[in-house]
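This briefing sets out the contacts, overall form, core and selected residues of a single chain. It is intended to be read beside the sequence and the model.

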Amino acid sequence: MALSIHTDDFQTLLDSLEATGYRCVAPVKVGDISKYEPVERASDIFLGEIQTTKSPKEYFLAEHEAILNYKRKSKTS
């Protein structure tokens, strides 16, 4: 089942999500490039051909994550 939203209703959706504490991230046009950024206004959302310089995963995953910690013991004679 496909759901759709009319572009005129984007602002209502953004306002509703923001009111419940969500941060909305969408593709925006910055100069000649498009990239994902937090948006508050529907008019900032770029719905053209989306080929961004970075993926949106930076908003879902940590850029760096420690996977191993260790302490080195000093050598005893």
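Of the contacts that join residues at least 6 apart in sequence, 23% link residues at least 24 apart. The model is predicted. In this model, buried residues account for 13% of the chain's 77 residues.

**Overall form**

- The chain contains one helix and two strands, arranged along the sequence in the pattern α-β-β.
- The radius of gyration of the chain is 20 Å, whereas a compact globule of 77 residues would have a value near 11 Å.
- The C-alpha trace extends over about 75 × 35 × 25 Å along its principal axes.

**Surface and charge**

- The chain exposes an accessible surface of about 7,300 Å², and carbon and sulfur atoms contribute 51% of that area.
- There are 10 positive and 12 negative side chains in the chain. The centres of these two sets are separated by 22 Å.

**Nonpolar core**

- In soluble globular proteins, nonpolar side chains tend to be buried together.
- The largest nonpolar core of this model has eight residues: F10, L14, C24, A26, V28, V39, A42 and I45.
- Helix α1 (10–19) and strand β1 (25–30) each provide at least two residues of this core.
- Beyond four places in sequence, the core residue A42 is in contact with F10, Q11 and L14.

**V39**

- V39 belongs to the segment that follows β2.
- Is V39 buried or exposed? Its relative accessible area is 6%, below the 20% limit, and V39 is therefore buried.
- The C-alpha atoms of V39 and C24 are 5.8 Å apart, although 15 residues separate the two in sequence.
- With neighbours up to four places away set aside, V39 touches L14, C24, A26, V28, D44 and I45. Among these partners, L14, C24, A26, V28 and I45 are also listed in the largest nonpolar core, as is V39 itself.

**S34**

- S34 is located in strand β2, which covers residues 33–38.
- S34 has a relative accessibility of 3% and so falls under the 20% limit for a buried residue.
- Which residues does S34 touch, not counting those up to four places away in sequence? The contacts of S34 are V28, K29, F46, E49, I50, Q51, T52 and T53.
- V28 is a contact of S34, and V28 is likewise in contact with V39.

Definitions and conventions
Residues are numbered from 1 along each chain as its sequence is written. This is a predicted model: local features need pLDDT of at least 70, side-chain atom pairs count only at pLDDT 80 or more; totals for chains, interfaces and linings use all residues. Side-chain values use heavy atoms; hydrogens and water are left out. A nonpolar core is a set of buried Ala, Val, Leu, Ile, Met, Phe, Trp, Tyr and Cys residues joined through side-chain atoms within 4.5 Å. Buried means under 20% relative accessible area, exposed over 50%, partly exposed in between (1.4 Å probe, protein chains only). Helices (H or I, at least four residues) and strands (E, at least two) are DSSP runs, numbered from the N terminus. Contact means heavy atoms within 4.5 Å. The radius of gyration is taken over C-alpha atoms; the globule rule is 2.2 Å times the number of residues to the power 0.38. Accessible areas come from the Shrake-Rupley method with a 1.4 Å probe; for residues, only the protein chains shown count as cover. Lys and Arg count as positive and Asp and Glu as negative; His and the chain ends are not counted. The place of a charge is taken as NZ of Lys, CZ of Arg, CG of Asp or CD of Glu.
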